[in-house]
Amino acid sequence: MARLLRAATWGLLPWRGYCSRGTQGKLSQDFVEALEAVVGSSHVSTAPAVREQHRHDESLHRCQPPDAVVWPQNVDQVSQLAALCYGQGMPIIPFGTGTGLEGGVCAVQGGVCVNLTHMSQVVELNPEDFSVVVEPGVTRKALNAHLRGSGLWFPVDPGADASLCGMAATAASGTNAVRYGTMRDNVLNLEVVLPDGRLLHTAGRGRHFRKSAAGYNLTALFVGSEGTLGLITAATLRLHPVPEAILAATCAFPSVQAAVDSTVHILQAAVPVARIEFLDDVTMDACNRYSKLSHSVSPTLFLEFHGSERALADHLQQAEEICRHNGASHFSWAQGAEERSQLWTARHNAWYAVLALRPGCKGYSTDVCVPISRLPEIMVQTKEDLKASGLTGAIVGHVGDGNFHCMLLADPKDTQELHRVEAFAEQLGRRALALHGTCTGEHGIGLGKRLLLQEEVGAVAMETMRQLKAMLDPRGLMNPGKVL
């Protein structure tokens, strides 16, 4: 054990055979004891049930479990773990809340899963500078609870109560992105443990400026890197003032075309919406059943406006006029917190409502994003393709930024149906690329979109990414098999 810890401290050693790829979970006792020496025996597990819990996220992707799971308590322990694993040729898989949708936590080569949820402190709040520093175990709901009473909030909302550092790793966004931007717009600095254990502050230790022209933008490099370049152990985030007033509204449309046209027209008219979400008729029907609601079973927009009391009335009137011009009906609005929550119930529960259409099935969510002008075209065509496919599925979207999801259901035991879901998703991804869009707006590449990434960015960009990866992770041990 002491020899292993010294090796981790002194530098990288060649592969020494401390784990057996042929027999999962059979790490050498010396290696397990070395892990325990870093984090304590109660924070290391090789139990099959624990490893099984850490072998997947919320996606359909399934791989072998990691060989061990560890729970570091601080950044020094993360650094020691990384150096130990890297020195012994052991793959390292970062793990947060496990709410990802592209298999980003799958241990494709076994290795050590580093569960960062025990590092759950809000380290530093700078209200006058509109910034906060959080550890990787802090979730977005926990942060906003901590901020209650400060007049500030963190608006990036992917739906799940995901860890904020995990959201940075996947470049997450969500319903508020049309107004407040994505994680790429709201991360100011990152503390990252590199694969060999060195500690990096992407914008300099302790810095939380609003803008900078100093050198390469290393923060942007690690946002969206999906754990393939290092372990994020702290994030400095941009905060926003809590709006004076919030107004929510919904309206139903005769067709997908009419709803999406209204979205484009609202944005072209510079109506400052904070959220503008689309649910198709299948989703609305599922939500009515699941949440005991009585919405019109029609393509529907959910809108939210943030601002002053006086401005909100004008913004709502503008949006309503545009929507009615496109044939909208059943227009309703709410301003109180409880009323708004009730109005948004359908959108908040959409994923679970669609899953309930076929109990026992698993869901897969596509994630394409296109320029706003091409949104009506691709969504109308996708709706027709979905009807023709024979698959059970529904469409929801953060249509204010051109991003939408097909939620497809499949029996995990039905190989043919799984292949049909995969083929539909690939076809949709390529259609988005043909319209100058992207195969993923917010879920990331993970395991399932690597080929589409190559088609999207081209050979030179892919080679540049590989060179960056090789420079930071020459042994290819950081979350192997993802992105590239």
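## Reading strands and helices in a predicted model

Tutor: Let's begin with one strand pair: E3 and strand E4 (residues 112-115) run parallel to each other and are joined over four bridges. Keep in mind that this is a predicted model.

Student: Which residue of E4 stands opposite Ile93?

Tutor: That is Cys113.

Student: And how do I read the two faces of strand E3?

Tutor: Start with the general idea: side chains in a regular strand point alternately to the two faces of the sheet. In E3 (residues 92-95), Ile92 and Pro94 lie on one side, with Ile93 and Phe95 on the other. These four residues are all buried, and both faces of the strand are covered.

Student: Now the bigger picture. In what order do the seven strands of the open sheet come?

Tutor: The order is E15-E12-E14-E13-E17-E18-E16, with antiparallel pairing. Strand E15 (329-334) and strand E16 (362-365) each have a single partner strand, so one side of each has no neighbour in the sheet. On average, neighbouring strands here are turned by 15° against each other, direction ignored.

Student: Could we zoom in on one pair inside that sheet?

Tutor: Take strand E13 (residues 273-279) and strand E17 (residues 392-398), an antiparallel pair over two bridges. Leu279 has Val396 of E17 as its bridge partner.

Student: Which helices should I look at beside these strands?

Tutor: Helix H10 (residues 256-268) lies across E13 and strand E14 (300-307), and runs at about 170° to E13. Helix H17 (residues 415-434) also packs on the sheet: H17 touches E16 and strand E18 (403-410), and its direction makes about 165° with that of E18.

Student: How do I read a helix-helix packing, say H2 against H4?

Tutor: Look at the angle and the axis separation. Helix H2 (residues 29-39) and helix H4 (residues 75-87) pack at about 165°, and their axes are 9 Å apart. An angle over 145 degrees counts as roughly antiparallel, so that is how H2 stands to H4. The crossing of H2 past H4 is right-handed.

Student: Which residues make the contact between H2 and H4?

Tutor: From H2 come Phe31, Ala34, Leu35, Val38 and Val39, while H4 supplies Gln77, Gln80, Leu81, Leu84 and Cys85. By class, there are eight nonpolar, two polar and no charged residues.

Student: What does Val75 touch farther along the chain?

Tutor: Val75 lies in helix H4. Leaving out residues up to four places away in sequence, Val75 touches Met119, Glu191, Val193, Leu199 and Thr233. As for Glu135, 60 residues from Val75 along the chain, the two C-alpha atoms are separated by 9.2 Å.

Technical notes:
Residues numbered from 1 in each chain as written. Predicted model: local features only at pLDDT ≥ 70, side-chain atom pairs only at ≥ 80, totals over all residues. Heavy atoms only, no water. Pairing = 2+ DSSP bridges. Axes fitted to C-alpha atoms, helices over the stretch in contact; angles between N-to-C directions. Contact = heavy atoms within 4.5 Å. Parallel < 35°, antiparallel > 145°, perpendicular 65-115°, else oblique. Left-handed = near helix turned anticlockwise from the far one by under 90°. Nonpolar A, V, L, I, M, F, W, Y, C, P; charged D, E, K, R; others polar. Buried < 20%, exposed > 50% of the residue type's maximum accessible area, 1.4 Å probe, protein only.
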